[in-house]
Amino acid sequence: MSTTSVTVRMNTDLKRQAEILFDSMGLNMTTAISLFAKAVVRQNKIPFEITADPFYCESNMARLKESIANLNAGKGIERDIIEVSNR
């Protein structure tokens, strides 16, 4: 079976962390990405659930915009930071 090259761009820190993890599994980056591609082809889907960050949900974004508008209008509330210790 012939092979070909694939170029992937990713964050340097992510690459380093992935390489460390794959190495602990006895894999290199090429083998790990090939395993992923084989799973995608075999299952005909991404082999894990992909979800959006809940921070960016519509209701939270509306609340953030409202809070920003209140702060810009001088309606902010000053609060003390209370640190809780788990002892």
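Here is a short walk through a loop and two aromatic pairs in this structure, which is a predicted model.

Let's start with the backbone. Helix H2 covers residues 29-43 and helix H3 covers 58-72, and asparagine 44 sits in the loop between them. Take a look at its backbone angles: asparagine 44 isn't a glycine, yet its phi is positive, at about 60°. The residue is also out in the open, with a relative accessible area of 71%. That makes asparagine 44 exposed, because the cut-off for that label is over 50%.

Now for the rings. How many aromatic pairs does a search of the whole structure find? It turns up 2. One of them joins phenylalanine 36 and phenylalanine 48, with 6.1 Å from centre to centre and 35° between the planes, so by the 30 and 60 degree limits it counts as tilted. This pair ties together distant parts of the chain: phenylalanine 36 belongs to helix H2, phenylalanine 48 to the loop between H2 and H3, and the two are 12 residues apart. As for accessibility, phenylalanine 36 is partly exposed at 37%, and phenylalanine 48 is partly exposed too, at 49%.

The other pair brings together phenylalanine 55 and tyrosine 56. Here the centres are 5.0 Å apart and the planes make an angle of 85°, which is an edge-to-face arrangement. Are these two rings' residues buried or exposed? Phenylalanine 55 comes out as partly exposed, with 41% relative accessibility, while tyrosine 56 reaches 55% and counts as exposed.

Definitions and conventions: Residues numbered from 1 in each chain as written. Predicted model: local features only at pLDDT ≥ 70, side-chain atom pairs only at ≥ 80, totals over all residues. Heavy atoms only, no water. Helix = DSSP H or I, 4+ residues; strand = E, 2+ residues; numbered from the N terminus. Buried < 20%, exposed > 50% of the residue type's maximum accessible area, 1.4 Å probe, protein only. Phe/Tyr/Trp six-rings, centres within 6.5 Å; stacked < 30°, edge-to-face > 60°.
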